[in-house]
Amino acid sequence: MVTPELFRRFPTPAAMAKATLPQLEDLIRTTGFFRNKAKSIQGAAKKTTTAFGGKVPQTLAELITVPGAARKTANVVLGVSFGKAEGIVVDTHVFRIARRLSLAKSDTAPKVEQELMRVIPQDRWIAFSHQLIHHGRQVCIARKPKCDRCNLEQLCHSKDKTWHS
Ligand code: SF4
């Protein structure tokens, strides 16, 4: 909702790099954590302009040097914008469901990502995260998963299950 006006005012990384923090904060104030986000936006615009010729880089190694972008965001940008699968997006939903389905056992997102990269074929990595995030929002929700409507119920042995067939 905030990006149309943000991009109208600052249409290129070079233009955005010149924006002041108060200008950016005003444009994204409704999103929450807007002060930190404004710093990241300004830092990302500067880095993209100075280090990458004004273009968003297309490798994980480069993307994680951009302020505000760690591995999860870098994987989202690579997968969604460029169709490149260098890793698997592990957000809160992917982390929870991968463990519920015994696809991973680790207790940190980076380790869960490494486990998933070993068991999920690489040509499924981009879709896999979207599918788990959708499943996590609609069915396998954090507090009380809707196991009676879950297509994966017979494959799932999670202690969090609320229903067994
Ligand atoms: S059976 Fe329940 S806990 Fe297991 S994946 Fe489905 S919704 Fe999640």
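Which residues are buried in helix α3 (residues 21-28)? In this predicted model, they are Leu24, Glu25, Leu27 and Ile28. Now imagine looking straight down the axis of α3: the buried residues fall within an arc of 165°, so they line one face of the helix. And what lies over them? The cover includes three other helices, α1, α2 and α4.

Here is where those helices sit in the chain:

| Helix | Residues | Part played here |
|---|---|---|
| α1 | 3-9 | among what covers the buried residues of α3 |
| α2 | 13-17 | among what covers the buried residues of α3 |
| α3 | 21-28 | holds the buried Leu24, Glu25, Leu27 and Ile28 |
| α4 | 34-51 | among what covers the buried residues of α3 |

Let's zoom out to the chain. You'll count 9 helices and 0 strands, so to speak an α-α-α-α-α-α-α-α-α run from the N terminus on. The C-alpha atoms fill a box of roughly 60 × 30 × 25 Å along the principal axes. Of the 165 residues, 38% count as buried. If you take the contacts between residues at least 6 apart in sequence, 40% of them join residues at least 24 apart.

Next, the ligand. The space it takes up is the largest cavity. Around the ligand you'll find Arg100, Leu101, His135, Val139 and Pro145, along with Glu153 and the cysteines Cys140, Cys147, Cys150 and Cys156. Sorted by class, this shell has 7 nonpolar residues, 1 polar residue and 2 charged ones.

How values were computed: Residues are numbered from 1 along each chain as its sequence is written. This is a predicted model: local features need pLDDT of at least 70, side-chain atom pairs count only at pLDDT 80 or more; totals for chains, interfaces and linings use all residues. Side-chain values use heavy atoms; hydrogens and water are left out. A residue is near a molecule or strand if one of its heavy atoms lies within 4 Å of it. On a 1 Å grid over the protein atoms alone, a cavity is a set of points where a 1.4 Å probe fits but cannot get out, and a pocket is an open set with protein on both sides within 12 Å along at least five of seven lines; lining residues have an atom within 4 Å of a point. A molecule sits in a cavity or pocket if more than half of its atoms lie within 2 Å of its grid points. Ala, Val, Leu, Ile, Met, Phe, Trp, Tyr, Cys and Pro count as nonpolar, Asp, Glu, Lys and Arg as charged, and the others, Gly among them, as polar. Buried means under 20% relative accessible area, exposed over 50%, partly exposed in between (1.4 Å probe, protein chains only). Helices (H or I, at least four residues) and strands (E, at least two) are DSSP runs, numbered from the N terminus. The arc is that of the directions from the helix axis to the C-beta atoms. Contact means heavy atoms within 4.5 Å.
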